[in-house]
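Notebook open, model loaded. I wanted a quick look at a helix, a hairpin and a pocket.

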Amino acid sequence: VLADTQVCWGRDYSSLSRVFNSAIDFHFEQHERKVAFNISWYSDRFNMYNESIQKKILDSEFNPNPGLIPGNLVNIFGFLDCTANKICRPNGHQNIQNAFYNGYHHGHFIIWQGVSFPDGMIVIEGPEPGFFTDTMVWRDSVTRQQLEFEMQLREAVGEIRLKLYADKIYNNSILITAAWSRRHGELQLWMVN
């Protein structure tokens, strides 16, 4: 797209890219407190998200019991996951290299964590050094703290507590239903697609 605007603006696309990125950085600096980690923007939609996911589960061909929602998936309103992005080995002191080295993936990485909702909205947190695990990022996340607060508010007004659906690396908790869990003698073999 920037290559198409070169003629219009009389600048090469790399110059236009720098201008665009500078404008984005400026606006983010001015409004960061309004947009960064603001899960409360979505809280009025949590029930809608839950209903949307329940409908998808009921209609899913992967549902082992068509027409029924498994008990552990009744109160799901979003999905939690981390992703590791490979980076070049950092130059400098060995401690810096160790911080970004991920033994599981055998390379240097930065870790991002995201909560996604059925309407396509995503709350992203990171980057974190590659040695962080998914659960370490979640434990220290601002998103987790804000969701705990939002769920306490829901309970205070008599609404049900909702949960995020996450992969097996996460433990079941008051905010998470983990997939493929063998906890409490129950094996969950299917996931929402």
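My entries follow, helix to begin with.

Ground rules: this is a predicted model, so I kept local features to pLDDT of at least 70 and side-chain atom pairs to pLDDT 80 or more, while totals for chains, interfaces and linings use all residues. Numbering runs from 1 along each chain as its sequence is written, and side-chain values use heavy atoms, without hydrogens or water.

Helix H3. I looked up residues 46-59, a DSSP run (H or I, at least four residues; strands are E, at least two; both numbered from the N terminus). Its 14 residues should span 20 Å at 1.5 Å a residue, and the end C-alpha atoms are 20 Å apart, so the two agree. The expected span is 1.5 Å times one less than the number of residues.

Which H3 residues are buried? I found Phe 46, Tyr 49, Asn 50, Ile 53 and Ile 57. They fall within an arc of 100 degrees down the axis, so they line one face of H3. The arc takes directions from the helix axis to the C-beta atoms. Glu 51, Lys 55 and Asp 59 are exposed on the other side. Cut-offs: buried is under 20% relative accessible area, exposed over 50%, partly exposed in between (1.4 Å probe, protein chains only).

Hairpin. I checked E3 (residues 107-116) against E4 (residues 122-129): they run antiparallel, joined by six bridges; pairing needs at least two DSSP bridges. Val 115 has Val 123 in E4 as its bridge partner. Five residues separate the strands, and Gly 120 in the turn has a positive phi of about 95 degrees.

Pocket. I left this for another day.
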